[in-house]
Amino acid sequence: MSLQAPEFFAELCLPFHDSTVVGNTYYAVPVPGAPLRLRITFTGTIYADTYGGLRLAVVHPDRGEIDAVALSFVDHGTFHRRDEANNTSANTKQHGTFDKYHRPGQPPWEGAVTTGLRDAIEQYTAVWFPGAWTASAPSRAAGRTAHKAPAPPVARSGARAR
């Protein structure tokens, strides 16, 4: 079954216009005209077809991989809500991970909150690609996991508050 990688990377709302997903890997040119590229892949776990995070790599066309970092789903709270709601123990294969099997009509990463991952990707890429996020950063409210709650109405009463 498919990981639905294009939808996962779309959920991250990365601001890089010159990007594509090939298979389960995201490729981008964060700074137009610059030689450095960004590659993001899913990191496997010791269990077959189970993924525990993302691996970001800065790649030069001639020199190859220059730097890389692994971002775990556990460290960035990606599946914290899901695991808490399902009472998933930290000692299980399902804790903080997803696999390629999923319910029909749902992505395999159902329940993911990508805000922490997105922030970590922004911090990492700011070092290697300065200004790439400020040039065309999309609104965070565009993601499925972002919700803007309306402010409660202000009610005035004649009674004194304690």
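1. A nonpolar core, as the term is used in this note, is a set of buried Ala, Val, Leu, Ile, Met, Phe, Trp, Tyr and Cys residues joined through side-chain atoms within 4.5 Å. The structure discussed here is a predicted model, and in it the largest such core has 30 residues, of which Phe8, Phe9, Ile40, Phe42, Leu54 and Ile121 touch the most other members. Helices H1, H3 (115-128) and H4 (132-136), together with strands S2, S3 and S4, each supply at least two residues of this core. As general background, nonpolar side chains in soluble globular proteins tend to be buried together.

2. Ile40 is a useful residue from which to look around this core, being one of the members that touch the most others. When residues up to four places away in sequence are not counted, Ile40 touches Phe9, Leu14, Asn24, Thr25, Tyr26, Leu54, Arg55, Leu56 and Ile121. Among these contacts, Phe9, Leu54 and Ile121 also belong to the group of core residues that touch the most other members.

3. The strand pairing can be followed from S1 onward. Strand S1 (residues 19-22) runs antiparallel to strand S2 (residues 25-28), and four bridges join the two; within this pair, Thr20 has Tyr27 of S2 as its bridge partner. Two residues lie between the strands of this hairpin, where Gly23 takes a positive phi near 65°. On the next step, S2 pairs with strand S3 (residues 37-44), again in the antiparallel sense and over four bridges, with Thr41 in S3 as the bridge partner of Thr25.

4. Two residues that are not glycine deserve a look for their backbone angles. Cys13, in the loop between H1 and S1, has a positive phi of about 55° although it is not a glycine, and its relative accessible area of 13% means that Cys13 is buried. Asp49, in the loop between S3 and S4, has a phi near 60°, likewise a positive value in a residue other than glycine; Asp49, however, counts as partly exposed because its relative accessibility is 30%.

5. Leu3 is found in the segment before helix H1 (5-11), and it counts as buried because its relative accessibility is 3%. Leaving aside neighbours within four places in sequence, Leu3 is in contact with Asn24, Phe42, Tyr51, Phe98, Lys100, Pro108 and Trp109. For one of these partners the separation is also given: Leu3 and Phe98 are 95 residues apart in sequence, while their C-alpha atoms are 9.3 Å apart in space.

6. Strand S4 can be examined through two of its residues, beginning with Thr50, which is found in this strand and counts as buried because its relative accessibility is 2%. Without counting residues up to four places away in sequence, Thr50 touches Thr43, Gly44, Thr45, Lys93, Thr97, Phe98 and Asp99. Phe98 is thus a contact of Thr50 and also a contact of Leu3.

7. His60 lies in strand S4 as well, a strand that covers residues 50-60, and His60 counts as buried because its relative accessibility is 12%. Which backbone atoms does the side chain of His60 reach? It reaches the backbone nitrogen of Asp62 at 3.0 Å and the backbone nitrogen of Arg63 at 3.2 Å. Apart from neighbours within four places in sequence, His60 is in contact with Pro35, Leu36 and Ile66.

How values were computed: Residues numbered from 1 in each chain as written. Predicted model: local features only at pLDDT ≥ 70, side-chain atom pairs only at ≥ 80, totals over all residues. Heavy atoms only, no water. Buried < 20%, exposed > 50% of the residue type's maximum accessible area, 1.4 Å probe, protein only. Polar contact = N/O pair within 3.5 Å; in protein donor to acceptor, adjacent residues only side chain to side chain. Contact = heavy atoms within 4.5 Å. Pairing = 2+ DSSP bridges.
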